[in-house]
Amino acid sequence: MNEQTTLYRNRFLEQNPSLHSDDIEAFQFGADANYLATLVTTGQKTATCSAHVLYEIENEALPYVGQYAIVLDASDHPVAVIQTTEVTIQPMNQVPKEFALAEGEGDYTEWWNAHELFFTDLLKTYQLSFTEDMNVICERFKVVHHNLNLI
């Protein structure tokens, strides 16, 4: 976490004293972090999905309801704090249209094509192949803070 993100996190924690620094992670969304961060701050993006297999490979804890995260832009600048409100695991070809639209990246076909390409490229780095029925972790979230005056 860079200095600016650490400061942003610490100011958010000052305003939310029941939280601890290890309760908040920081990350960029997808292949176009600036575009996706803008969708988050404008309220167009309220959901995201990730490849379940990567959590297993990296021995990473699964997302959980109530989890906080700092959304970063492509330059690793913090733009918002989000809180996870729902987590489900399901095959990608069974992700409901409503969920896909909540990702804010176009209609269902655009969502599918973008995610197929993203997961295909990402999984190749692990010598894995994309399959239509691969499990994805579907998360819904809400923005709990996006005031950049915090930093």
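How many aromatic pairs does the structure hold? There are seven of them, and bear in mind that this is a predicted model.

## Aromatic pairs

Let's start with F29 and F141. These two rings form a stacked aromatic pair, with 5.8 Å from centre to centre and 25° between the planes. The angle is under 30 degrees, so the pair counts as stacked and not as tilted or edge-to-face. The partners come from distant parts of the chain, 112 residues apart. F29 sits in the loop between β1 (24-28) and α2 (33-41), while F141 belongs to strand β5, which covers residues 135-145.

Are the two rings buried or exposed? F29 has a relative accessibility of 4%, so it counts as buried. F141 is buried too, at 5% relative accessible area. F29 also has a charged neighbour: K45 lies over the face of its ring, 5.0 Å from the ring centre.

Elsewhere, ring pairs tie Y108, W111, W112 and F130 together into a cluster.

## E139, a buried acid

Strand β5 also carries E139. Here's the curious bit: E139 is buried, yet it makes no salt bridge. Which side chain of opposite charge is nearest to E139? That would be K45, at 9.6 Å. A salt bridge needs the nitrogen and the carboxyl oxygen within 4 Å, so K45 doesn't make one with E139. This is the K45 that lies over the face of F29.

What E139 does have is a polar contact of 3.4 Å, side chain to side chain, with T84. T84 is also one of the residues that E139 touches, leaving aside those up to four places away in sequence. Others on that list include T46, A47, T48 and S50, along with Y55, P63 and F99. Another acid, E86, is among the contacts of E139 as well, and so is V87.

## H115 in helix α5

Now over to H115, which is found in helix α5, residues 108-124. With a relative accessible area of 5%, H115 is buried. Where does its side chain reach? The side chain of H115 gets to the backbone oxygen of W111, at 2.8 Å. W111, in turn, is one of the rings in the cluster with Y108, W112 and F130.

Not counting residues up to four places away in sequence, H115 touches C49, M92, E103 and E105. As for another histidine, H146 is 31 residues from H115 in sequence, and the two are 26 Å apart in space, C-alpha to C-alpha.

Technical notes. Residues numbered from 1 in each chain as written. Predicted model: local features only at pLDDT ≥ 70, side-chain atom pairs only at ≥ 80, totals over all residues. Heavy atoms only, no water. Phe/Tyr/Trp six-rings, centres within 6.5 Å; stacked < 30°, edge-to-face > 60°. Helix = DSSP H or I, 4+ residues; strand = E, 2+ residues; numbered from the N terminus. Buried < 20%, exposed > 50% of the residue type's maximum accessible area, 1.4 Å probe, protein only. Lys NZ or Arg CZ within 6 Å of the ring centre and 35° of its normal. Lys, Arg positive; Asp, Glu negative; His and termini not counted. Polar contact = N/O pair within 3.5 Å; in protein donor to acceptor, adjacent residues only side chain to side chain. Contact = heavy atoms within 4.5 Å.
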